[in-house]
Amino acid sequence: MHTEDVVAILQEANSIVLNCTYNKDSKEDIAKRHIGWQKQIDGVFEDIAVFSPPGKQEPFIVKEKHPLYSNRTILIAPNSSIAAVMIIKDPVCSDEGIYRCWIIYYSESSVITKTSQTIVGFVAKKPEEFSMSSNELEENNSISLTCNADVGSPQGYVQILKIPEYSNTPEVIYTSNTTNIRTENCTEYINVTTTYTVTREDNGAVFLCSSQNGLSQGLGPNRESPKITVICMYKCYLTKEKYFKILENMLKKMFIIVCCREKNLGISERF
């Protein structure tokens, strides 16, 4: 028995297809009206559509759900494909949620109910805005990062990440709370501002704002900031003893002095 999560772009999708495929062996039987699609409402799964195996009763929408589904739902009964399909046309905000396919199997010795869940959600979109207060600042100062995004559903949220100059691995520095605030057209916006204190190791880093939700796999749609420049608050000074020690080491191997940005790297004699 198998179902798949469905992600829709509400403004673009013409329909939501819920497909429940199943199988049974020769010793099992499925009775009439013992296949169905349900939706979780207030924590309880309620029937929407009921199906029967091939050659038996035609599928139907249960009476209580007629106002919501009867005029915009297509039901495809199991046939040679052995699948119960419910197609919801012209999706609306309330179609988002958790659906479940259920089947009752009968055999000589037992009755078994099997279920499989599907999450219908709305896609997270690329942030509309991602800005920072400055891209050049002194070390140990804070930078403000602002992100505005339609995070979709379910459980939409924003993440802000940092990618160091010499790394391809993003580091999460901020995660917003999830949102349930939905506008008329079913978008779910989050507008956040957070601060981050930079160190000299952040020189050359970039930041990302990523739009995420419960259906995101890995990094979601995102915007990237320019590289930041971190200015040292002091130069790198060497004593006389350290200066000659460095000269000695340079004869043996490469010796590197790291500072915040190259034009601030200075060596001052204190002889």
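**Exercise 1. Find the handedness of the disulfide between Cys20 and Cys101, and describe where its two ends lie.**

Step 1. The torsion about the S-S bond of Cys20 and Cys101 is about -75°, so this disulfide is left-handed. A disulfide is a covalent bond between the sulfur atoms of two cysteines. Here the term is applied to a pair of cysteine sulfur atoms within 2.5 Å.

Step 2. The sulfur atoms of Cys20 and Cys101 are 2.0 Å apart. Cys20 lies in strand β2 and Cys101 in strand β8 (residues 97–106), so the pair ties together parts that are 81 residues apart in sequence. Helices (H or I, at least four residues) and strands (E, at least two) are DSSP runs, numbered from the N terminus.

Step 3. Cys20 and Cys101 are both buried. Buried means under 20% relative accessible area, exposed over 50%, and partly exposed in between (1.4 Å probe, protein chains only).

A note on the model: it is predicted, local features need pLDDT of at least 70, side-chain atom pairs count only at pLDDT 80 or more, and totals for chains, interfaces and linings use all residues. Residues are numbered from 1 along each chain as its sequence is written, and side-chain values use heavy atoms, with hydrogens and water left out.

**Exercise 2. State how many disulfides the structure holds, and describe the one that joins Cys147 to Cys209.**

Step 1. The structure holds 2 disulfides.

Step 2. Between Cys147 and Cys209 the S to S distance is 1.7 Å. Cys147 is in strand β12 (residues 142–150) and Cys209 in strand β16 (residues 206–212), so the link spans distant parts of the chain, 62 residues apart.

Step 3. The S-S torsion of Cys147 and Cys209 is about -70°, so this disulfide is left-handed. Cys147 and Cys209 are both buried.

**Exercise 3. Describe the salt bridges of Glu46, Arg72 and Asp202.**

Step 1. A salt bridge is a side-chain nitrogen of Lys or Arg within 4 Å of a carboxyl oxygen of Asp or Glu. A search of the whole structure finds 5 of them.

Step 2. Glu46 pairs with Lys65, with the closest N and O atoms 2.8 Å apart. Distant parts of the chain are linked here: Glu46 is in strand β4 and Lys65 in the loop between β5 and α1 (66–69), 19 residues apart. Glu46 is partly exposed because its relative accessible area is 29%; Lys65 counts as buried because its value is 10%.

Step 3. Arg72 and Asp95 meet in a salt bridge at 2.7 Å, N to O. Arg72 sits in the loop between α1 and β6 (73–76) and Asp95 in the loop between β7 and β8, 23 residues apart. Arg72 and Asp95 are both buried.

Step 4. The side chains of Asp202 and Lys162 form a salt bridge of 2.8 Å, N to O. Asp202 is in the loop between β15 (189–197) and β16, whereas Lys162 is in strand β13, 40 residues apart. Asp202 is buried, with a relative accessible area of 3%, and Lys162 counts as buried at 8%. Lys162, Glu171 and Asp202 are joined into one network by salt bridges that share partners.

**Exercise 4. Describe the backbone at Pro154, Gln155 and Asp90.**

Step 1. The peptide bond from Ser153 to Pro154 is cis, with omega near 0°. Pro154 is in the loop between β12 and β13 (157–163).

Step 2. Gln155 also lies in the loop between β12 and β13. Gln155 is not a glycine, yet its phi is positive, about 55°. Its relative accessible area of 53% makes Gln155 exposed.

Step 3. Asp90, in the loop between β7 (83–89) and β8, has a positive phi near 50° and is a residue other than glycine. Asp90 is exposed, at 55% relative accessible area.

**Exercise 5. Compare the burial of Ser52 and Asn23, and give the C-alpha distance from each to a partner.**

Step 1. Ser52 is in the loop between β4 (44–51) and β5 (60–61). Ser52 is buried, with a relative accessible area of 1%. Ser52 and Asn79 are 27 residues apart in sequence and 9.9 Å apart in space, C-alpha to C-alpha.

Step 2. Asn23 is in the loop between β2 and β3. Asn23 counts as exposed at 52% relative accessibility. From Asn23 to Ala83, 60 residues apart along the chain, the C-alpha atoms are separated by 8.8 Å.
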